[in-house]
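Please open the model in your viewer and keep the sequence panel beside it. The stops below say what to select next and what is there.

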Amino acid sequence: MSRDGAGETMGLARLRRVIAAVLMTAAATPAVAEPWPVRDQARVLFFGNSLVHHLTDSDTTTVPHWLALMARHAGKSFAVDGVWGFPRQFSADLPPTGNWAFKEARPVTTGWGKLDAARYDLVILNTENYVHYRGPERRYEGDNPTGESPVSATLAVTDWVAAANPATPFWIYEGWPDMTPLVRSFPPRPRELARYHAFAQGEYHDWNRAFVAALNRERPGRDIRLIPVSRVMAELMTQPDLAALPVEAFYSDISPHGTATTYLLAAMVTYAAVYGERPPAGFTVPEGIEPVVAQGYEGLADRIWAAMAPGAG
């Protein structure tokens with residue numbers, strides 16, 4: 001993900017010290033505390049960035065594309081709108097203007113006008129993947145005259161949603177972390193990649209848990225939870241079948257933007273959360289996906305669903 005906001009990377013040792021100092025609440029809180037609600041239809045609004053929707057010449061590098069295909073295969077309804085940006089941009093532009101469109105996923109709202117929160121039964125937000133060297137309640141560095149933090153900016157969006165319907169779930173999509181604090185150049189060396197995946201499952205995931213815990217403290221009674229995309233994908237990528245693949249099978253640069261294979265895996269995790277069930281059996285993975293992933297889809301779906309169980313991670 002490109003860095004359109006403030007923030008600087010720093011050494012891994014300092015990064016870990018800072019994160020460890022702010023995660024006392026999250027350490028005692030399971031990542032998935034209760035079952036995902038089962039649903040047959042989803043009208044979703046994404047507040048996201050390139051870890052959800054990487055704009056290329058193909059929709060296969062987007063999560064909504066794969067969600068639409070899997071939902072259709074499973075006989076479920078799926079519609080989606082989306083907005084690009086980061087939390088401070090989202091909070092400054094409410095109501096938001098939709099600017100996502102897909103060939104396979106139908107929109108909730110036709111056209112590019114302002115979006116109405118009442119039209120959605122689920123809202124999902126993705127933060128930056130490079131601000132995790134500071135606690136989620138600490139103000140953004142750089143030009144920040146209003147003193148916003150990831151938590152305060154996100155609360156403004158949750159409040160906009162709640163004003164339309166306080167029962168609408170508001171979930172956080174855990175995009176995978178920036179590589180630059182951990183990797184000298186792309187592609188990373190094997191030791192660097194192992195360190196990156198450990199960070200994605202560890203300190204980075206803990207930051208996101210702390211972020212969600214802070215949101216819940218500020219807005220008790222709301223359905224605010226974490227979709228643990230980063231943690232689950234890192235678990236998969238460090239198991240023998242996927243670990244044997246070159247890093248370029250999953251990432252295209254140091255940001256790191258994903259390949260179509262990565263967005264399929266991210267969508268499988270997201271599908272399990274959105275529909276409250278295992279990614280659909282019998283789904284035919286099209287060409288363009290790494291053969292190991294395409295051929296191993298059913299086993300990967302089983303592992304993803306197990307990793308999404310209450311108390312996992």
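Which residue stands opposite L125 in strand 3? Select L125 together with F47, since F47 is the residue that stands opposite L125.

Before going further, note that this is a predicted model, in which local features need pLDDT of at least 70 and side-chain atom pairs count only at pLDDT 80 or more, while totals for chains, interfaces and linings use all residues. Residues are numbered from 1 along each chain as its sequence is written, and side-chain values use heavy atoms, with hydrogens and water left out.

**The whole chain**

Show the full protein chain, whose secondary structure comes to 12 helices and five strands; helices (H or I, at least four residues) and strands (E, at least two) are DSSP runs, numbered from the N terminus. Of the 313 residues, 57% are buried, where buried means under 20% relative accessible area with a 1.4 Å probe and protein chains only.

**The sheet**

Now select the five strands, which form an open sheet in the order 2-1-3-4-5 with parallel pairing; two strands pair if DSSP finds at least two bridges between them. Strand 2 (77-84) and strand 5 (224-227) stand at the edges with a single partner strand each, so one side of each has no neighbour in the sheet. On average, neighbouring strands are turned by 25° against each other, direction ignored.

Begin with strand 1 and strand 2, which pair in the parallel sense over eight bridges, and find F46, whose bridge partner in strand 2 is G82. Then move to strand 3 (residues 122-125), which runs parallel to strand 1 (residues 41-48) and is joined to strand 1 by four bridges. On the way to strand 4 (residues 170-173), strand 3 pairs again in the parallel sense, over three bridges, and the bridge partner of V123 in strand 4 is F170.

Show the side chains of strand 3: L122 and I124 point one way, V123 and L125 point the other way, and all are buried. In a regular strand the side chains alternate between the two faces of the sheet.

**Helix 5 and the loop before it**

Add helix 5 (residues 150-164), which makes a right-handed β-α-β unit with strand 3 and strand 4; right-handed means that, with the strands pointing away from the viewer, the path from the first strand over the helix to the second runs clockwise. Helix 5 packs on the sheet, touching strand 1, strand 3 and strand 4, and its direction makes about 145° with that of strand 4.

In the loop between strand 3 and helix 5, select S149. S149 is buried, with a relative accessible area of 5%, and, not counting residues up to four places away in sequence, S149 touches P136, E137, R138, R139 and Y140, contact meaning heavy atoms within 4.5 Å.

**Helices 6, 7 and 8**

Next select helix 6 (residues 190-201) and helix 7 (residues 203-218), which pack at an angle of about 20° with their axes 3 Å apart. That makes helix 6 roughly parallel to helix 7, a label for angles under 35 degrees. In this contact, A198, F199, A200 and Q201 of helix 6 meet E203, Y204 and H205 of helix 7. Helix 7 also lies across strand 4 and strand 5, running at about 165° to strand 5.

Finish with helix 8 (residues 229-237), where eight of the nine residues are buried, so helix 8 is largely enclosed by the rest of the structure. Among the buried residues to highlight are V229, R231, M233 and L236.

How values were computed
Axes are lines fitted to C-alpha atoms, for helices over the stretch in contact, and angles run from 0 to 180 degrees between N-to-C directions. Angles under 35 degrees count as roughly parallel, over 145 as roughly antiparallel, 65 to 115 as roughly perpendicular and the rest as oblique. Buried means under 20% relative accessible area, exposed over 50%, partly exposed in between (1.4 Å probe, protein chains only).
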